[in-house]
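This report describes a two-part reading of the model below, beginning with the overall make-up of the chains and then turning to packing and backbone geometry.

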Amino acid sequence: MMRAISASTTIADPYRAALHLGQSVASISPEVVFLFTTVHYNDWDEFMSGLYDGLGTKSVRVIGASGDGIHELQQTSEVGAAVLALSSNGAVHWRLAMASEIAGDPEGAVRRVVADLAEQMNGRTPALYFLVSDFRVDASRIETVIRDEISVPVIGGMAGDDNNKMEHCCVFADGQMLQGSLVMLAADGPVDFRIHIGNALTSVGKPGHIDSANGKVVSGIAGMMASEFVEQETGKPFLRSDQGMVTLTILNAGLEGEKKLRAVAKNIETEAGSLTLHGGVQPGDLVQVCVAEPGELISEVQRIVEQIDTKDFVPSGALIVSCAGRKWLLGGQIAFEVRTLADRFGGTLPIAGFPSFGEIGPLWHNGKYTRNLFHNMTYVLLLFGTNATH
Amino acid sequence: MPQFFTTISPAPLGFELVDLTKKHLLSGPVCVLVEDESYLSQVFPGYRERMLGVVLTIGEAYQLEQATPYLWHVALPQNWLPSAASLVQGWLAAIAGTDKAVQQFHAAEIRNERLARELEYTRRDYNELTQRLQAQLRELAAARDALSALNNQLEQRVTERTAQLEDANRNLSTALEDLKRAQDELARTAELVGLGSLVAGVAHELNTPIGTSLTVATSLAAEARILHQQYHDGALKRSVVEGFLQTAEMMSPVLERNIRQAADIVERLRQLTSYQRTETRCTFALSEVIDRAVALGRIQLPGAAYQLVVESSALINMDGYPDAIAQILTSLINNAAVHGFEGNTGGRISISYEETHHEGRDDVCISVCDDGKGIPKENLQRIFHPFFSTKFGQGGSGLGLYVAYNKAQKLLGGKLTAASELAHGACFVLTIPRIAP
């Protein structure tokens, strides 16, 4: 039986905020805390100190990331911190490993972290992984490893900053705040969970092959500059306020049932006509522009939440990793993705999460999960709970 | 839930005796009772800036100090301590409210900063869009000017082209007129050719009877000169006179027949050239004209085995030249009787007629068809030519169909056509306006 509790705060003082969070969830003697914050705290050592003081023990695993705001059962906020704490009463061992300065070799970093975890688990395969990393890392390179070399679900996302300033972000590993790093948590033991992902956006215009790309920077599509291609397909120039909301869907994403989105983030340092994406693409990829509509996003989340079958699975806690671009697009309805889920369970389901700069998770296709994929403009819902068969 | 901590033992009512730590001081709105406030600096040096709540110390008299908007220092007389917790309770609630307001203010500041940034992005986007729109407007204006220039060029070219076309039209009109003139010339030439052919035919036709007549007359004249000489010489013999009379008696019918034949040819020529002057225009019923032609035609048929039938009975009133129509029909019937049934032991000529409408004009279409031997293809193209006949010397003049053709075209304003297939008869169709021009 997995127990969960969530809490959030808008206290500006880092120690006091984290102390409040720790104290709020300490009642279930958590084994792991998923921590999500905004980037406004000025002293992360103080923050971590407050969290552990609030928890009353240093033995709790902490993993998390900063985002463009926080999601929690009680609030969705532009500033503050939120936690989801889990306790399996010792049934699950939560293993954690990290790698720093990974930008140059993300694939190697993932492999090192997974090897570290495997060693901690004496070679056992975990039920799932939770992964967070820095948005400045090309997550498509992380994807190549988690997609092709890890057979269990990997869920997570890329840390972000405040309102797409693209300046800095944080990932959390136990008592540390890290930058340019990757942190993975392995659930070593019986964990019942469900993963729901929403990434159905309507494509517009005609597909085009990527002519030239270097990592996250794409310069040519369909014989023209990338920005010209987007402008041609959307009927308007790509503007600063479109960042994160105009998306390229990769049509030749991989195997059947696999679909990936890459949000466009125009970088003022990028040479004219090129576009920086939230994740890399390859020359030859066939892409099509998607322009999301708020109503489309809302309908999809409603559909996902309605499809949760509580006869089969009783959730006890939820993690939401949802693209910051969705939040920007939803505008005044930024709490919608949390409130819809909360309302489905009478306002009692502990929920925490963050608006991310890239999402990770397998899709559900033909009765099973696909390979682990890196997405943009996507809503990832991870439910911890208990299968009805237990 | 407000918390009350103290380092003083025994703890007053409502207070928890603790070893004070940073955690206690920063737990939220708290009330801390200590002997000396300076002790708090030893526990956590930054407490005055970050702590929320009330610090209680023991003093001689009631004293109050506000360190920050949410931290107060209160000195209480010893005897007030039992009621201190209840005294501070509401105070802490007020500080919590202040803290909440400060949090909201902080969040609002962040939101405002975000909004300001988003507004800045939006303003930049607006400026960029405006610049692009202005650039597009400039491009549109340039395109409009170019289009205008192009239009002017086009108009100029259209004007020039129109003038060229007008010239071409004039040239065409001139050419058309030239062509018409040439056509007229050709027609005249053709008429001359026809006339030549006519003259040749007439000459040929007249040559035989006149030549024969001339021979006979010359012979008679020679005989007469011999008779006259013998009479003058007084050597005239009875046998010579009788011979002359016998010759004259024999030659006279020949001479008469040939001269009559020549006269007949002349009469036909006269008819050909004078019908426009002699035909009388009137209104009439077509069936009566056809009946008249049929009655005349039946006489021309070689025997009872040959039939001439009228297959139509419609009442068609016409305005025109009934005699011309009758003459054409008689000619066609005669042509069938003479040429179509040659060598046959029987045959049938059928006449049908109907009213038609063509290009807004009421026409009458009269067909004369036979089931005779038909007309060879090479002859079919020539049957309306003057003096074309396969019966020269056998009573054919070669003018019957020619006259009929000309009457149909020039007098009646219609046309006469023929179709035939060997061994399957021939069909002549006379198409004329119901009201003649």
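Chain B has 9 helices and 13 strands, in a model that is predicted. Chain A, by its own tally, has 8 helices and 25 strands. The table sets out the general values for each chain.

| Chain | Helices and strands | Buried residues | Contacts joining residues at least 24 apart, among those at least 6 apart in sequence |
|---|---|---|---|
| Chain A | 8 helices, 25 strands | 64% of 390 residues | 80% |
| Chain B | 9 helices, 13 strands | 37% of 437 residues | 61% |

**Nonpolar cores**

In soluble globular proteins, nonpolar side chains tend to be buried together. The largest nonpolar core in this model holds 97 residues, and the members that touch the most others are A:Phe34, A:Trp94, A:Tyr129, A:Phe130, A:Met184, A:Leu341 and A:Phe384. When neighbours within four places in sequence are left aside, A:Met184 is in contact with A:Ile63, A:Arg95, A:Leu96, A:Ala97, A:Val110, A:Val113, A:Val114, A:Leu117, A:Tyr129, A:Phe130, A:Leu131 and A:Ile150. A second core, separate from the largest one, comprises 43 residues, including B:Leu329, B:Leu332, B:Tyr353 and B:Ile383.

**Helix packing in chain B**

Two packed helices are described by the angle between their axes and the distance between the axes. In chain B, helix H7 (residues 322-340) takes part in a contact with helix H9 (residues 400-411), where the two axes come within 9 Å and cross at roughly 150°. H7(B) and H9(B) are therefore roughly antiparallel to each other, and their crossing is left-handed. On the H7(B) side the contact is made by B:Ala324, B:Gln327, B:Ile328, B:Ser331, B:Leu332 and B:Asn335, while H9(B) contributes B:Gly400, B:Leu401, B:Val403, B:Ala404, B:Lys407, B:Ala408 and B:Leu411. By residue class, this contact of H7(B) with H9(B) consists of 8 nonpolar, 4 polar and 1 charged.

H7(B) also packs with helix H6 (residues 286-300) of chain B, the axes coming within 9 Å and crossing at roughly 35°, and the crossing of H6(B) and H7(B) is right-handed. Here B:Leu286, B:Val289, B:Ile290, B:Arg292, B:Ala293, B:Val294, B:Leu296, B:Gly297 and B:Gln300 of H6(B) meet B:Pro322, B:Asp323, B:Ile325, B:Ala326, B:Leu329, B:Thr330, B:Ile333, B:Asn334 and B:Ala337 of H7(B). The residues of the contact of H6(B) with H7(B) fall into 12 nonpolar, 4 polar and 2 charged. B:Leu329, which belongs to the second core, is one of the H7(B) residues that meet H6(B), whereas B:Leu332, also listed in that core, is one of the H7(B) residues in the contact with H9(B).

**Backbone geometry in loops**

Most residues other than glycine have a negative phi, and most peptide bonds are trans. A cis peptide bond nevertheless joins B:Ser9 and B:Pro10, with omega about -5°, and B:Pro10 lies in the loop between strand S1 (3-6) and strand S2 (16-17) of chain B.

Positive phi values are found at two residues that are not glycine: A:Glu101, at about 45°, and B:Ala423, near 75°. A:Glu101 lies in the loop between strand S7 (93-99) and helix H3 (106-120) of chain A, and A:Glu101 is exposed, with a relative accessible area of 75%. B:Ala423 lies in the loop between strand S12 (415-420) and strand S13 (426-433) of chain B, and B:Ala423 is likewise exposed, with a relative accessible area of 58%.

Conventions
Residues numbered from 1 in each chain as written. Chains lettered and ligands numbered in written order. Predicted model: local features only at pLDDT ≥ 70, side-chain atom pairs only at ≥ 80, totals over all residues. Heavy atoms only, no water. Core = buried A, V, L, I, M, F, W, Y, C linked by side-chain atoms within 4.5 Å. Buried < 20%, exposed > 50% of the residue type's maximum accessible area, 1.4 Å probe, protein only. Contact = heavy atoms within 4.5 Å. Axes fitted to C-alpha atoms, helices over the stretch in contact; angles between N-to-C directions. Helix = DSSP H or I, 4+ residues; strand = E, 2+ residues; numbered from the N terminus. Parallel < 35°, antiparallel > 145°, perpendicular 65-115°, else oblique. Left-handed = near helix turned anticlockwise from the far one by under 90°. Nonpolar A, V, L, I, M, F, W, Y, C, P; charged D, E, K, R; others polar.
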